[in-house]
Amino acid sequence: MNYLYFLYTEILAKYNIPKLFGEITFYIIPFCVLAVALLIIVLILVLAERKLLGWFTQRKGPNRVGWWGILQTLADALKLLLKENITPSKADRFLFNLAPILVFVPAMTLLGIIPYSAEFTFVNTSSNIILYLLLAAFPIVSIFLGGWASNNKYSLIGAVRSIAQVLSYELPISFVVIGIVTLASSMNLTEITLSQYTKYGILGWYIFPCILGFIIMFLCILAELNRCPFDLPEAESELICGYNTEYSGMRFAIFYLTEYALLFGNALFLSVLFLGGYLSPFGAYLSHIFFGETAFANILVYFEQVFWLIFKASLIIFVVIWIRATLPRLASFDMLKFSWAVLLPLSIINLLFMVIFKYITGGAV
Amino acid sequence: MTQGWLGMTKTTLKLNLGPQHPSTHGVLRLILELEGEKILSCEPDIGYLHRGMEKMAEKLSYIQYLPVVDRIDYLAGCFYSELFCRTIENALNIELSERDKNIRVLLLELNRISSHLLWIGAFLMDLGAVSPFFYSMREREMVLRFFEKLTGQRMMYNYFVFGGVRNDIGYIDDIKEIIKILPNKIKDYERIITDNPIFLARTKNKGILEKSVAANYSITGVNLRASGISYDLRQNDYLYKGYEFNPVVLQGKDAWARYKARILELKESLNLIRQALDKISKTKTQAKTFISPLGIKLPEGEYYNEIEAPRGLASIYIKSLGDNVPYRLKWRTGSYYSVNLLKKLLLGEFLNDAIAIAGSLDIILPEVDK
């Protein structure tokens with residue numbers, strides 16, 4: 001961050017803009033960037049999912065609005081914006097309106113704690129991981145509120161299902177994350193990323209000692225995000241979209257878009273923990289390889305790091321969509337059994353293995 | 001409200017599943033009483049798609065009624081058409097030519113394939129899988145394209161007429177294409193669906209239909225054969241005389257067996273189509289003896305016929321007083337009895353298993369409500 005700050009103030013000084021202005025805006029700009037980036041990312045993700053699902057099922061996907069369907073999501077969002085916001089007459093108005101607002105908070109915050117490049121984290125505390133563990137379970141609060149306040153039986157069943165689901169899948173995540181903390185000897189995401197650095201690139205990533213943990217956490221994140229095959233709370237063919245049955249217009253759009261923002265945030269988080277975050281898979285950064293140790297390359301590295309992080313997250317998102325195109329939904333009882341009887345024991349074994357691994361590789365901290 | 005543990009009151013939730021619910025395949029309404037997600041009682045409510053098919057017959061002459069019968073089951077129109085034509089032909093002693101018989105077998109089996117393909121897609125959709133629906137619809141499209149070329153219609157063919165078929169068969173190459181492509185595609189379905197662990201968990205040992213229950217509830221067709229009772233009307237059907245045919249009988253009794261049986265039936269139908277094509281190529285088109293449909297009057301009496309439709313035994317009963325309209329006409333359809341079975345089969349199941357079980361029975365509402 002310091003380096004960027006230095007660059008920024010230097011540019012401002014060139015045009016004789018007072019220093020105070022720079023000091024204030026430097027901390028506001030990132031949040032505006034984040035808010036805009038979040039919207040753009042969500043729009044791209046929705047399009048990507050529809051395109052990919054289309055290709056998986058031998059269709060073309062959206063291809064009418066804009067070139068290659070690129071404006072389709074925007075058009076959909078606009079349509080939802082213009083629609084009437086219906087509140088069911090017997091719904092709890094306050095909670096019903098509160099739920100879509102609440103759901104946006106964790107999505108925004110989650111993107112704020114990710115280290116995008118070496119100098120670029122919005123909120124860099126010494127224990128970002130704790131923040132994540134709290135945030136990951138938070139969307140369920142609004143899902144439950146929304147489902148409950150709708151006063152619809154299908155929504156209620158969906159809401160109750162989602163509570164059961166998150167309670168069961170939160171525990172394995174914690175065990176896996178603690179395993180990573182053990183390996184990295186740190187709770188700070190930037191330090192976790194840097195501790196995965198070796199000159200062999202990909203070999204230092206935690207996915208290799210912790211492949212079991214990666215799979216467990218991937219499955220748990222699917223469950224927390226209500227993605228297929230864990231989409232029980234919003235099972236379309238059973239509960240008619242569950243908790244958001246009664247939502248319409250912009251409120252529905254917020255639920256819908258936040259789902260993708262959360263998916264993106266969780267994918268970023270997974271890549272930070274297991275896939276080396278913003279590190280290059282080749283060890284050295286491509287910009288250093290091509291341009292040498294020049295000042296230009298040093299600036300380019302920041303963008304390259306962001307690219308690698310998003311690239312890794314996209315791979316994870318691709319697999320998530322792939323799974324959605326392939327698998328049927330789990331039964332509600334099997335969903336609980338899978339967590340408590342399979343994932344939880346495995347995650348404890350994983351933690352044990354991580355501790356032993358740390359001991360052998362000589363992490364005497 | 002009942003007394004529960006520690007004197008707490010226990011309430012149940014009454015849930016209307018349908019009539020506008022995505023997985024009731026039409027407008028079936030199930031009134032469920034739930035305790036948690038467990039179903040305590042189930043009351044099917046039908047009639048939302050009642051079109052008065054039977055009463056209509058009493059007002060229309062036989063030829064006027066002929067286009068209507070395709071609409072009893074829009075996914076397998078040929079079977080009801082055949083049933084109706086057959087009854088009239090039997091009553092008036094009209095003999096079908098060999099070629100027409102084989103054409104009818106060919107179309108019936110193609111129709112069965114399109115019906116089963118749709119079911120596979122819809123069933124997997126009920127279970128939450130998106131892709132198989134599009135895959136099976138893609139193959140169904142081939143069959144429908146052929147039907148469209150031959151009959152001008154994709155679903156309500158109105159192709160069978162008293163004494164034969166409307167036009168001679170054509171577009172044989174399309175059928176050969178279907179025969180060539182479909183077996184590979186069925187293999188693909190099996191690879192993505194049949195041994196999928198989640199699919200197995202959702203369907204194995206779910207909705208077990210015992211032989212005695214199936215017999216008591218008059219279940220026929222694939223659902224019955226998946227419970228281990230070998231009863232396929234095609235074995236005795238006069239149209240299918242001279243065809244080599246093994247009815248698909250499985251011992252599983254569960255939803256998975258009903259799925260597997262339909263996959264196997266697809267293969268069996270392909271077999272029959274191959275034989276029918278063979279036989280058709282051996283016969284030549286011949287000038288038809290024209291039967292004027294306008295003057296058709298059934299002699300006084302009662303007529304009954306039955307056929308193996310994709311959703312079980314379908315039968316027709318006509319009582320005629322010698323007029324050009326029937327005095328009473330009655331249809332029996334397979335789905336009607338499957339809906340009735342839901343009352344028994346869904347008891348004690350969880351809500352999402354209930355959807356899987358109801359889906360596995362292949363219920364089509366226009367057939368139930370008529």
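## Helix α5 of chain A and its surroundings

The buried residues of α5(A) pack against a broad set of helices in chain A, namely α4 (93–112), α6 (139–149), α7 (153–184), α8 (189–195), α9 (211–224) and α11 (249–274). Helix α5 itself spans residues 128–137 of chain A, and its buried positions are A:Asn128, A:Ile129, A:Tyr132, A:Leu133, A:Leu135 and A:Ala136. An α-helix has 3.6 residues a turn, so residues three or four places apart point the same way.

These packing relations are read from a predicted model. The mean pLDDT of chain A is 83, with 98% of the residues of this chain at 70 or more. Within chain A, confidence reaches its highest value, 90, in α9(A), which is one of the helices packed against by the buried residues of α5(A), and falls to its lowest, a mean of 71, in helix α10 (residues 236–239).

## Helix α6 of chain A

Helix α6(A) is mostly covered, since eight of its 11 residues are buried. The buried residues are A:Pro139, A:Ile140, A:Ser142, A:Ile143, A:Leu145, A:Gly146, A:Gly147 and A:Ala149. They pack against α4, α5, α7 and α11 of chain A, and α6(A) in turn appears among the helices against which the buried residues of α5(A) pack. After α6(A) comes A:Asn151, a residue with a positive phi, near 60°.

## A nonpolar surface patch

What forms the nonpolar patch on the surface? The patch consists of A:Trp55, A:Trp67, A:Trp68, A:Ile70, A:Leu71 and A:Leu74, which together have about 710 Å² of accessible area. Of these residues, A:Leu74 belongs to helix α3 (residues 72–82) of chain A, and A:Leu74 counts as partly exposed because its relative accessibility is 44%, a value between the 20% and 50% limits for buried and exposed.

## Aromatic pairs

Over all chains, the structure holds 32 aromatic pairs. One of them joins A:Phe56 and A:Phe318, whose rings lie 6.2 Å apart, centre to centre, with 35° between the planes, an arrangement described as tilted. Because A:Phe56 lies in helix α2 (residues 19–56) and A:Phe318 in helix α13 (residues 295–326) of chain A, this pair ties together parts that are 262 residues apart in sequence. Both partners count as partly exposed, A:Phe56 at 21% relative accessibility and A:Phe318 at 35%.

In chain B, the rings of B:Tyr336 and B:Tyr337 have centres 5.4 Å apart and planes at 75°, so this pair is edge-to-face. B:Tyr336 is partly exposed, with a relative accessible area of 38%, and B:Tyr337 is partly exposed as well, at 24%. Elsewhere, in chain A, ring pairs link A:Phe282, A:Phe307, A:Trp308 and A:Phe311 into a cluster.

## A buried alanine in chain B

Is B:Ala356 buried or exposed? With a relative accessible area of 0%, B:Ala356 is buried, and this residue sits in helix α12 (residues 351–360) of chain B. When neighbours within four places in sequence are left aside, B:Ala356 is in contact with B:Phe123, B:Leu127 and B:Arg202. B:Gly164, by comparison, is 192 residues from B:Ala356 in sequence and lies 40 Å from B:Ala356 in space, C-alpha to C-alpha.

Technical notes. Residues numbered from 1 in each chain as written. Chains lettered and ligands numbered in written order. Predicted model: local features only at pLDDT ≥ 70, side-chain atom pairs only at ≥ 80, totals over all residues. Heavy atoms only, no water. Buried < 20%, exposed > 50% of the residue type's maximum accessible area, 1.4 Å probe, protein only. Helix = DSSP H or I, 4+ residues; strand = E, 2+ residues; numbered from the N terminus. Contact = heavy atoms within 4.5 Å. pLDDT = per-residue confidence, 0-100. Patch = residues over 30% accessible without salt bridge, like charges linked within 9 Å, V, L, I, M, F, W, Y side chains within 5 Å. Areas by Shrake-Rupley, 256 points an atom, 1.4 Å probe, with all protein chains shown as cover. Salt bridge = Lys/Arg side-chain N within 4 Å of Asp/Glu carboxyl O. Phe/Tyr/Trp six-rings, centres within 6.5 Å; stacked < 30°, edge-to-face > 60°.
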